[in-house]
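Here are my notes on the model you sent over. I've kept them to numbered points so you can check each one with the viewer open.

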Amino acid sequence: MNTATVPVTKPATSLGKSFWYHGSLVTVLIDGSQTGGRYAQLAMTVQPGCEPPAHTHTREDETFYLLEGTIRFTIGEHVFTANAGDYVCMPKNIQHTFEVLSPVAKTVMTIAPAGFENYFQTPGLAEPATSLTLPPVPQGPPPAEAIEAMLTLLDEQYAIKM
């Protein structure tokens, strides 16, 4: 049976594919192996201070559906604030970043085509979550060699430019 056509359900309380990544809780809801590579969806809980620097995806589009909280997005030259219920599309090849303005923001992120969801599961960058709670905010920046390794991985494996 083609796994891309099999219905997928995930209990809300499952730790199965949940990870702590740079002060955020990331749960893979559906990955490329389940969609024939067409897309992936992640539930993300992000806190201030754990946002990504400005970057550009060259392979995939990203969307965020905001479930809770407030996030200021910068997409190209457009800067705007999104609240719960808002939907944000970040097309590939346009630099973007975001800033969490509330104590926490919960989103469903869609990546199309799939593949980048695997980044949030990379050993050394992420660790399996032991609870569906936020990990502590990292204290200070990672060591220079860790930043260099992350940038190399993003560039070489995921074609993401900083």
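1. Let's start with the largest pocket, which comes out at about 840 Å³. Its lining counts 39 residues, and the ones closest to the centre are Tyr 21, His 22, Cys 50, Tyr 119 and Met 150. Bear in mind that this is a predicted model.

2. Which elements build the wall of that pocket, with two or more residues each? They are strands E1 (18–21), E3 (40–46), E5 (61–68), E9 (96–100) and E11 (126–128), plus helix H2 (144–158). H2 makes the largest contribution, with 5 residues. By residue type, the lining splits into 28 nonpolar, 8 polar and 3 charged.

3. His 22 deserves a second look, as one of the residues closest to the pocket centre. It sits in the loop between E1 and strand E2 (24–30), and its phi is near 45°, a positive value in a residue other than glycine. Is His 22 buried or exposed? Neither quite: its relative accessible area is 30%, so it counts as partly exposed.

4. Now the packing. The largest nonpolar core holds 29 residues, and Leu 42, Phe 73, Phe 116, Tyr 119 and Phe 120 have the most contacts inside it. Tyr 119 therefore turns up twice in these notes, being listed both among those core residues and among the residues closest to the pocket centre.

5. Phe 73 is a good place to park the viewer. Not counting residues up to four places away in sequence, Phe 73 touches Phe 64, His 78, Val 79, Phe 80, Ala 82, Val 88, Met 90, Thr 97 and Phe 98. Two of these partners fit the strand pairing: Phe 73 stands opposite Phe 80 in E7 and opposite Phe 98 in E9.

6. The strands around Phe 73 are easy to trace. E6 (residues 70–75) and E7 (residues 78–83) pair antiparallel over 6 bridges. They form a hairpin with 2 residues between the strands, and Gly 76 in the turn has a positive phi of about 60°. E6 also runs antiparallel to E9, joined by 5 bridges.

7. Leu 66, in strand E5, is buried because its relative accessibility is 2%, against a cut-off of under 20%. Beyond its neighbours within four places in sequence, Leu 66 contacts Ile 71, Ala 82, Asn 83, Ala 84, Gly 85, Asp 86, Ala 105, Lys 106 and Thr 107. With Lys 106, the C-alpha separation is 6.1 Å, for residues 40 apart along the chain.

8. For contrast, try the loop between strand E10 (105–112) and E11, where you'll find Gly 124. Gly 124 is exposed because its relative accessible area is 79%, the cut-off being over 50%. Its C-alpha lies 11 Å from that of Trp 20, which is 104 residues away along the chain.

9. Finally, some backbone points to check by eye. Most residues other than glycine have a negative phi, and most peptide bonds are trans. The peptide bond from Ala 112 to Pro 113 is cis, with omega near -5°; Pro 113 is placed in the loop between E10 and E11. Ala 159, in the loop between H2 and strand E12 (160–161), has a positive phi of about 55° although it is not a glycine. Ala 159 counts as buried, because its relative accessibility is 11%.

Methods: Residues are numbered from 1 along each chain as its sequence is written. This is a predicted model: local features need pLDDT of at least 70, side-chain atom pairs count only at pLDDT 80 or more; totals for chains, interfaces and linings use all residues. Side-chain values use heavy atoms; hydrogens and water are left out. On a 1 Å grid over the protein atoms alone, a cavity is a set of points where a 1.4 Å probe fits but cannot get out, and a pocket is an open set with protein on both sides within 12 Å along at least five of seven lines; lining residues have an atom within 4 Å of a point. Grid points are joined across faces, edges and corners, and a volume is the space filled by probe spheres set on the points. Helices (H or I, at least four residues) and strands (E, at least two) are DSSP runs, numbered from the N terminus. Ala, Val, Leu, Ile, Met, Phe, Trp, Tyr, Cys and Pro count as nonpolar, Asp, Glu, Lys and Arg as charged, and the others, Gly among them, as polar. A nonpolar core is a set of buried Ala, Val, Leu, Ile, Met, Phe, Trp, Tyr and Cys residues joined through side-chain atoms within 4.5 Å. Buried means under 20% relative accessible area, exposed over 50%, partly exposed in between (1.4 Å probe, protein chains only). Contact means heavy atoms within 4.5 Å. Two strands pair if DSSP finds at least two bridges between them.
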